[in-house]
Amino acid sequence: MFVTVVHLFLILVYNSIKWNGRSMFKFKNISKEYKGHFWEKKFVALDNVSLSVDEGEVVGFLGANGAGKTTSIKIIMNFISPTSGEIVFDKKLGNNTVERFSNIGFFPERPYFYPHLTGREFIGYLGQLNKVERSLIEKRLAFWAEKLRLTFALDRKIRSYSKGMLQRLGFISANIHDPKLIVLDEPLSGLDPVGRKEFKDTLKYLSENGKTIFFSSHIVSDIEEVCKKVIVLESGKLMYQGSISELIEKDSHTYLTIRVKINEQPAKDLYLKSQIFDQSQGIYEYEVEKRLQDKFLTEILKLGGNILFLGVINPTLEEIIYKIKN
Amino acid sequence: MKNIFIVSKYTFVEVYKSKILLNIILLGFALILISYIASEFSHGAQARIALDFGIGSMYLVVIGMSIFIGVSLLSNEVENRTAYMILSRPIKRWHFLTGKFLGMSSILFINVFLLGIIILAFFYFLGGSISALMWWALFFSLLESQIILLVVIFFSLITNVTMAVIYTICIFILGHVLGATLMINYIRDQYILVKLLTLTKWIIPDFDKLNLKDYIIYNHSMPFGYLMGSLCYAILYIGFMLILNIIVFERKELD
Ligand SMILES: Nc1ncnc2c1ncn2[C@@H]1O[C@H](COP(=O)(O)OP(=O)(O)OP(=O)(O)O)[C@@H](O)[C@H]1O
Ligand SMILES: [Mg+2]
């Protein structure tokens with residue numbers, strides 16, 4: 001008898017741990033309608049969306065302009081309330097909105113700051129609201145500013161910051177309280193290629209440190225690089241939720257572009273398309289299926305060709321959405 | 001509660017660093033210049049005219065400031081998404097709003113007293129004597145500017161910036177003329193109109209109660225009971241408007 005009770009109890013505990021260990025937050029049938037004035041037609045920005053983000057995952061939130069990404073994120077952050085449906089957070093984040101916010105790091109799309117404060121003052125402000133000790137704020141600020149190459153500008157007024165610098169400052173502010181869950185709206189927009197790479201590396205770094213990350217983007221390759229899981233939204237409807245590699249692999253559109261300097265043409269069945277790139281120098285460009293990549297390259301080398309360029313053509317957002325629809 | 005203090009501190013720092021205060025001091029000296037020129041044209045009552053002009057223009061400057069800074073205080077934050085930065089932290093919305101209000105109030109406080117001291121010093125220099133009532137007048141101007149600040153915040157929460165400014169100016173004017181309107185004989189005969197205006201007078205802040213400017217020029221004192229009554233009225237009104245703003249802001253969709 002006693003053993004059975006203990007056993008049952010253990011099962012209960014196990015299940016609750018398992019549940020707690022799984023979902024950081026969940027959308028349950030969330031819809032959001034925007035109503036303008038009473039004579040205007042209402043607009044459905046989110047239509048019965050259910051999704052789940054698990055602990056420790058990096059989840060990309062993919063959708064075209066106007067798909068409803070920002071709307072969803074505002075609902076997560078309690079800035080707006082859904083018309084129907086509910087959002088459930090893991091108890092680990094806290095029992096109410098205020099408690100939860102000490103465990104969530106967020107920064108909005110196109111962030112804007114108080115222009116007359118310096119970067120350091122602004123981070124100090126937010127750190128204090130998060131009840132982080134002064135010395136710890138300084139320590140974390142120094143760490144992140146170093147990592148994101150912003151140290152030089154910390155004592156300048158924010159008014160003088162460039163777009164990329166603002167983005168970096170926003171990123172630091174989202175991490176100043178060492179949150180469990182990080183929610184970012186288009187963190188990569190407005191950054192140059194080096195900056196994008198840096199941000200993606202930073203996201204990977206955070207993920208390796210056990211953070212759960214949820215960020216939106218409309219660029220497939222960015223999400224592919226950082227995330228294992230993707231959630232795709234289109235016109236307010238959930239289109240796909242799951243592994244990103246499965247989504248892209250299944251896609252028949254994975255080609256390579258290979259540019260070679262060659263005198264003889266390779267066998268026709270090794271490539272899909274060819275075009276003359278530079279007639280006078282004998283440079284051609286081929287579109288090759290990924291599975292035939294190795295065969296094609298050996299053939300070129302055998303023929304004495306010179307490989308000048310090789311690039312992967314990633315599927316675009318439109319192609320992915322088109323594919324999901326069919 | 002500590003959050004209220006943090007928000008008000010940084011609101012203050014932000015405005016302070018924008019060099020508005022410096023401009024206000026310059027304005028103070030401009031006011032002195034104007035009052036001086038005005039007083040030169042008067043015969044005999046030079047100091048009084050200077051005081052009248054000085055206090056009057058200071059009052060308009062402070063009211064203008066509370067309208068134009070107040071209107072952007074929250075609506076800018078919401079439109080520019082700085083509010084998102086703050087409200088995504090462990091802070092209650094009403095703490096944020098109250099902190100903003102207090103930070104802005106301290107800016108108004110500094111303005112009123114800096115300008116006030118400059119003007120009174122000039123008045124003293126011209127041979128006038130400073131009375132306690134003059135400090136009350138400054139204090140009441142500050143209270144009025146705080147009420148205006150809360151009114152403009154209220155409107156900026158429910159409409160757009162332009163309309164908020166227009167509505168607030170309307171309230172400001174009504175708050176000053178309603179009392180006088182009720183005294184007009186023609187209106188006193190219209191029963192319904194009187195009832196209607198009295199009702200409006202109850203809702204709209206009665207700025208006549210806070211207006212000591214006319215008294216300080218000629219009188220040197222007012223009954224203490226009157227001052228206390230006005231003070232209580234202002235404090236109650238400020239409390240009422242603050243709660244109203246909190247209720248609206250707590251429910252507002254920040255999109
Ligand atoms: N306050 C609002 N009132 C009315 N419609 C709105 C409001 N906010 C957003 N919308 C509409 O809701 C839809 C979704 O907007 P949302 O900002 O969520 O898109 P998004 O996926 O973030 O797009 P983007 O990639 O451009 O940032 C859009 O069509 C937008 O016009
Ligand atoms: Mg968006």
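This report walks through a ligand site, one buried serine, the domains of chain A and two unusual backbone angles.

Keep in mind that what you're looking at is a predicted model.

**The ligand site**

Let's start with ligand 1, which sits between chains A and B. It has 14 residues around it, and the closest are A:Gly66, A:Gly68, A:Lys69, A:Thr70 and A:Thr71. By type, the shell splits into five nonpolar, five polar and four charged residues. In chain A, strand E2 (43–54) and helix H2 (69–76) each bring at least two residues to that shell. H2(A) makes the largest contribution, with three residues.

Some side chains put a polar atom close to an oxygen atom of the ligand, and here are three such pairs:

| Side chain | Partner | Distance |
|---|---|---|
| A:Asn65 | oxygen atom of ligand 1 | 3.0 Å |
| A:Thr70 | oxygen atom of ligand 1 | 2.6 Å |
| A:Glu186 | oxygen atom of ligand 1 | 3.2 Å |

On its own, ligand 1 would expose 640 Å², and the protein buries 66% of that.

**A buried serine**

Next, have a look at A:Ser217, which belongs to strand E7 (residues 212–217) of chain A. Its relative accessible area is 6%, so it counts as buried, the cut-off being under 20%. Which residues does A:Ser217 touch, leaving aside those up to four places away in sequence? They are A:Phe61, A:Leu62, A:Gly63, A:Lys69, A:Asp222 and A:Ile223. One of these, A:Lys69, also turns up among the residues closest to ligand 1. The side chain of A:Ser217 has a polar atom 3.0 Å from the backbone nitrogen of A:Ile219.

**Two domains in chain A**

Stepping back, the domain assignment cuts chain A into domain 1 (7–249) and domain 2 (253–320). Their C-alpha centres are 40 Å apart.

**Two positive phi angles**

Most residues other than glycine have a negative phi. With that in mind, A:Asn29 is worth a glance: its phi is positive, at about 45°, although it is not a glycine. You'll find A:Asn29 in strand E1 (residues 23–34) of chain A. Is A:Asn29 buried or partly exposed? With a relative accessible area of 42%, A:Asn29 is partly exposed.

A:Asp178 also has a positive phi, near 50°, and it isn't a glycine either. This residue sits in the loop of chain A between helix H6 (163–175) and strand E6 (181–184). A:Asp178 has a relative accessible area of 41%, so it is partly exposed, which covers values between 20% and 50%.

How values were computed: Residues numbered from 1 in each chain as written. Chains lettered and ligands numbered in written order. Predicted model: local features only at pLDDT ≥ 70, side-chain atom pairs only at ≥ 80, totals over all residues. Heavy atoms only, no water. Helix = DSSP H or I, 4+ residues; strand = E, 2+ residues; numbered from the N terminus. Buried < 20%, exposed > 50% of the residue type's maximum accessible area, 1.4 Å probe, protein only. Polar contact = N/O pair within 3.5 Å; in protein donor to acceptor, adjacent residues only side chain to side chain. Contact = heavy atoms within 4.5 Å. Near = heavy atom within 4 Å. Areas by Shrake-Rupley, 256 points an atom, 1.4 Å probe, with all protein chains shown as cover. Nonpolar A, V, L, I, M, F, W, Y, C, P; charged D, E, K, R; others polar. Domains from an automatic or database assignment.
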